[in-house]
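Let's take a friendly tour of a protein, one part at a time. Have a look at the structure below, then read on.

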Amino acid sequence: VASPFCFNPKDDSAFAGVLELSQLTCIRFSINGTVSRRSGQSDGRCIKELHKAMSEADFKRFAFHVGSNSSDTTPKDGDLPYPTYASFESLYSATNALRLDGDNWAVLDLGRSASNIAHYAGRAAHLFHARLHLDLYGVRRDASENAVIFAPPDMSHQLRDNSSWFRGFTDASFYPQKVFESSSRSPLDIARGGVHVVSKDSFKHDGPVCVRRAMLPAFLKARNFLPARELGASNDISSAGSPDANVLRAKLGAYMASIRSTAENFDMRPQRLLVYLSRSGSRRGFDESSNAALIQLLDELCRAKGWTLRVAPTSKKLSFEEQVRSVKNAAIAIGMHGANLVNSMFMPSGGYLVELFPHGFSHAMYQNGLGAGLRYANYTLSTQREAPQLKQFNGEVQSCIARSNECKIFYRGDHHKHELIDADLSALRQLLTSAMLEVDDILPRVT
């Protein structure tokens, strides 16, 4: 949270003002359930965290001021002309500054990486978390919920398309607030408050945009939600009555019911349903025989246990609603590592995500089920062709992946199909059989 704050969406530059170091507090969550707070006055690492946070929030050029008067030196990153707080005050008061009404705004500045749904989900989920826990970040609980999302030209159309994943997730996370589109909103409309999606290339304002207090979400590493044990680790941290993921599921169900033409109940309760998130026909998929063998294995397991198998294709052409419907009742979902697995956060709480990795590759993005209250396991395929670059790294796959982007892309399997051998199928049979037993506690009783 920066107070006050000015930014320019045209060049992704920003200035954050902090009047005194004692007003700067860094809050760190840890997986062991502890929460620590550091003051900028007593811990220089807090200043470094501010630099890191601004960078992760996709502001390419930024500066911030700390100190009790305008003569103090400003730590800077970039080349912005704000050496003192007084110069920022003049920026805020400039005749071409667009000053947004209200004391509190969430400002989400999106870079090009956000055109990937998993990356966008991480940023939007961090914004969702911050809005649920305003008091944690020094914002009054009764503060009005104003937000502006600035999108680059190559993804702004996705946020304007009502059927797209990006717009659907945004609308659902803010529901019942209405999200306004930039195409029909002038800068003055935005200044009056509300929730706005703005395309940077069509934003009709040439000066800075300034607010008295801004929440600047970045993203949570390897998860979209903070588990309840972390949110409840300290008495002065509100857990909003239930884990964040369950709050989102409730909002999603209400939002989906609201957009249906009939009074359909959007049932999200768990069923004996196993969903295979297939990448057949897209990059990082299996070869035809391996894909058929996996489907046969899943079908055998489901028939033996009285479950239903659903093969859900991966496609950017699918609407948000179609993607949510494919997993919303699934007790188990399995799929190859990729952005499509982000939809697992719409599975019922207590469900099981099984992530498949190409041989030699791993990634932490979905570990622990995105913090969405899911059980999680992964399996790495036994075989794959070796990368041409491997010889340069003495045959060490992990060193090759860490130091060569070409090697990383090769082992991620973006440009070739993957093979399942008998050992893989046997291991997956055992893993999934165990998963079916484990999720029995969330399934309806069979009478």
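## Two helices that cross

In this predicted model, α3 and α8 are roughly perpendicular to each other, because their packing angle is about 100° and angles of 65 to 115 degrees count as roughly perpendicular; therefore you can picture them as a crossing pair. Their axes lie 11 Å apart.

Which residues make the contact? On the α3 side they are Phe128, His129 and Leu132, and on the α8 side Asp244, Val247, Leu248 and Lys251. Sorted by class, this contact has four nonpolar, one polar and two charged residues.

## An open sheet

Next, find the five strands that form an open sheet, in the order β15-β14-β16-β17-β18, with parallel pairing. β15 and β18 are the edge strands, each pairing on one side only. From one strand to the next, the twist averages 20°.

Zoom in on β14 and β16, which pair over five bridges. Here Leu277 stands opposite Gly335 in β16.

## Helices on the sheet

α10 packs on the sheet and touches β14, β15 and β16. The direction of α10 makes about 155° with that of β15.

Helix α13 (residues 422-438) lies across β14, β16, β17 and β18, and runs at about 175° to β18.

## A pocket to explore

The second largest pocket has a volume of about 980 Å³. Its lining has 40 residues, and Asn116, Ile117, Lys316, Ala339 and Asn340 lie nearest the centre. Among the elements giving two or more residues to this lining are α3, β15 and α10.

What kinds of residues line this pocket? The lining divides into 13 nonpolar, 17 polar and ten charged residues.

Note on methods. Residues numbered from 1 in each chain as written. Predicted model: local features only at pLDDT ≥ 70, side-chain atom pairs only at ≥ 80, totals over all residues. Heavy atoms only, no water. 1 Å grid on protein atoms, 1.4 Å probe; cavity = no way out; pocket = protein on both sides within 12 Å on 5 of 7 lines; lining within 4 Å. Points joined across faces, edges and corners; volume = space filled by probe spheres on them. Helix = DSSP H or I, 4+ residues; strand = E, 2+ residues; numbered from the N terminus. Nonpolar A, V, L, I, M, F, W, Y, C, P; charged D, E, K, R; others polar. Axes fitted to C-alpha atoms, helices over the stretch in contact; angles between N-to-C directions. Parallel < 35°, antiparallel > 145°, perpendicular 65-115°, else oblique. Contact = heavy atoms within 4.5 Å. Pairing = 2+ DSSP bridges.
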